[in-house]
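I opened the model to go through it feature by feature. These are my notes, in the order I looked things up.

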Amino acid sequence: MGDPNDASPRLREALATADVVAAEDTRRTKALASALGVQITGRVVSFYDQVETDRIPGLLDEIRAGQRVLLVTDAGMPSVSDPGYRLVAACAQANLPVTCLPGPSAVTTALALSGLPVERFCFDGFPPRKRGPRQAWLRTLVAEQRAVAFFEAPHRLADTLADAVEVLGPQRLAAVCRELTKTYEEVRRGTLADLAEWAAEGVRGEITVVLAGATPTAADPEDLVDAVEKWVSQGVGLKDACARVAAEEQAEGTGTVSKRALYEAVLAARSR
């Protein structure tokens with residue numbers, strides 16, 4: 001949450017009335033409460049990555065005893081690249097009630113500001129830090145037709161965008177969203193080549209990147225004749241075999257091809 005004014009009345013009430021506040025950073029949570037004019041009356045405990053597992057049994061006991069436990073993370077939605085998943089999973093396993101107080105999310109905010117088609121999207125956390133694994137990760141996105149949102153540290157952004165240019169091509173569109181909802185919010189939109197050149201000068205702040213989905217390519221029906229005939233050899237009818245191969249191509253993101261074009265390509269190959 002960049003701007004405290006985005007806090008909902010439900011969050012203000014929860015901070016004021018929770019019996020236990022489990023905070024990723026107790027100082028930042030207390031500062032948030034102060035900015036909201038809220039007095040935390042419950043017990044405040046730390047709940048960050050290194051202590052998360054050890055804290056869970058005690059928090060479950062609190063909930064079983066009828067206490068209200070509020071989980072607060074620093075600058076993002078709990079469980080989304082922030083602590084929280086393990087506690088929610090433990091509560092679900094123990095059949096204890098859990099709810100979420102909806103609030104600002106860098107992922108959805110960046111998607112809305114990107115100016116890219118985001119009707120279908122996926123979120124991929126943080127890219128690998130080292131170049132080899134990072135490039136391998138980028139190769140999985142070559143044919144991804146959904147928009148992809150991910151976080152990146154400011155000191156690694158230039159290297160990640162440079163690798164993206166190499167793997168995904170310089171003309172793939174993207175948006176780099178910096179310091180969302182904060183005083184120095186900035187959104188840069190353009191090709192990966194343009195964004196990589198901009199980031200090379202150095203970028204500060206919390207970063208969310210939105211990568212445009214890959215443009216579907218048309219597959220050559222003749223290249224898929226053998227795949228259709230393989231299904232036919234297993235007893236599948238020709239029309240159904242064409243439908244299966246066309247669906248497989250679309251699902252794998254390797255290209256699009258019509259069932260009719262496949263059917264005609266198989267007949268043509270058989271007549272040769």
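**Entry 1: Arg 178.** I began with Arg 178, which is buried at a relative accessible area of 16%. The cut-off for buried is under 20%. I note that the model is a predicted one. I placed Arg 178 in strand β6. I then asked which backbone oxygen the side chain of Arg 178 reaches. It is that of Tyr 184, at 3.3 Å. Next I listed contacts, leaving aside neighbours within four places in sequence. Arg 178 is in contact with Tyr 184, Glu 185 and Glu 186. It is also in contact with Val 203, Arg 204, Gly 205, Glu 206 and Ile 207.

**Entry 2: the loop after β6.** I checked the loop between β6 and β7 (186-191), where Glu 179 lies. Glu 179 is not a glycine, yet it has a positive phi of about 55°. Is Glu 179 buried or exposed? I found it buried, with a relative accessible area of 15%. Thr 181 lies in the loop between β6 and β7 as well. Thr 181 has a positive phi of about 65°, and it is not a glycine either. Its relative accessible area is 25%, so I logged Thr 181 as partly exposed.

**Entry 3: helix α7.** I tested the length of α7, which covers residues 154-168. Its 15 residues should span 21 Å at 1.5 Å a residue. The end C-alpha atoms are 21 Å apart, so expectation and model agree. I then listed the buried residues of α7: Arg 156, Leu 157, Thr 160, Leu 161, Asp 163, Ala 164, Val 167 and Leu 168. Why do I say that they line one face of the helix? Seen down the axis, the buried residues fall within an arc of 165°, and therefore they line one face. I looked at the face turned away from the buried side too. That face carries the exposed residues His 155 and Glu 166. What covers the buried residues of α7? The cover includes two helices, α6 (131-139) and α8 (192-199). It also includes the strands β5 (147-152), β6 (173-178) and β8 (207-211). Just after α7, I noted Gly 169 with a positive phi of about 100°.

**Entry 4: rings.** I asked how many aromatic pairs the structure holds. The count is 3. For Trp 137 and Phe 150, the ring centres are 5.1 Å apart and the planes stand at 85°, so I logged the pair as edge-to-face. This pair links distant parts of the chain, 13 residues apart. Trp 137 sits in helix α6, Phe 150 in strand β5. Both partners came out buried: Trp 137 has a relative accessible area of 11%, and Phe 150 has one of 3%. Elsewhere, ring pairs link Phe 123, Phe 126 and Phe 151 into a cluster. I also looked for a charge over a ring. Arg 244 lies over the face of Trp 231, at 4.6 Å from the ring centre.

**Entry 5: Asp 25.** I found Asp 25 in the loop between β1 (20-23) and α2 (26-35). It is buried, with a relative accessible area of 18%. Which backbone nitrogen does the side chain of Asp 25 reach? It reaches that of Arg 27, at 2.9 Å. I also took a distance to Leu 59, 34 residues apart from Asp 25 along the chain. Their C-alpha atoms are separated by 17 Å.

**Entry 6: Thr 29 and Gln 39.** I moved on to Thr 29, which is in helix α2. At 2% relative accessibility, Thr 29 counts as buried. Leaving aside neighbours within four places in sequence, Thr 29 is in contact with Leu 15, Val 21, Ala 23, Ile 40 and Val 72. Gln 39 is in the loop between α2 and β2 (43-46). It is exposed, with a relative accessible area of 60%. Not counting residues up to four places away in sequence, Gln 39 touches Leu 15 and Ala 16. Leu 15 therefore gets two marks in my notes, as it is a contact of Thr 29 and of Gln 39. My last lookup paired Gln 39 with Arg 12, 27 residues apart in sequence. C-alpha to C-alpha, Gln 39 and Arg 12 are 9.4 Å apart in space.

Key: Residues are numbered from 1 along each chain as its sequence is written. This is a predicted model: local features need pLDDT of at least 70, side-chain atom pairs count only at pLDDT 80 or more; totals for chains, interfaces and linings use all residues. Side-chain values use heavy atoms; hydrogens and water are left out. Helices (H or I, at least four residues) and strands (E, at least two) are DSSP runs, numbered from the N terminus. The expected span of a helix is 1.5 Å times one less than its number of residues. Buried means under 20% relative accessible area, exposed over 50%, partly exposed in between (1.4 Å probe, protein chains only). The arc is that of the directions from the helix axis to the C-beta atoms. Contact means heavy atoms within 4.5 Å. Rings of Phe, Tyr and Trp (its six-membered ring) pair if their centres lie within 6.5 Å; planes under 30 degrees apart count as stacked, over 60 as edge-to-face and the rest as tilted. A charge sits over a ring if NZ of Lys or CZ of Arg is within 6 Å of the ring centre and within 35 degrees of the ring normal. A polar contact is a pair of N or O atoms within 3.5 Å; within protein, one must be able to donate a hydrogen and the other to accept it, and residues adjacent in sequence count only if both atoms are side-chain atoms.
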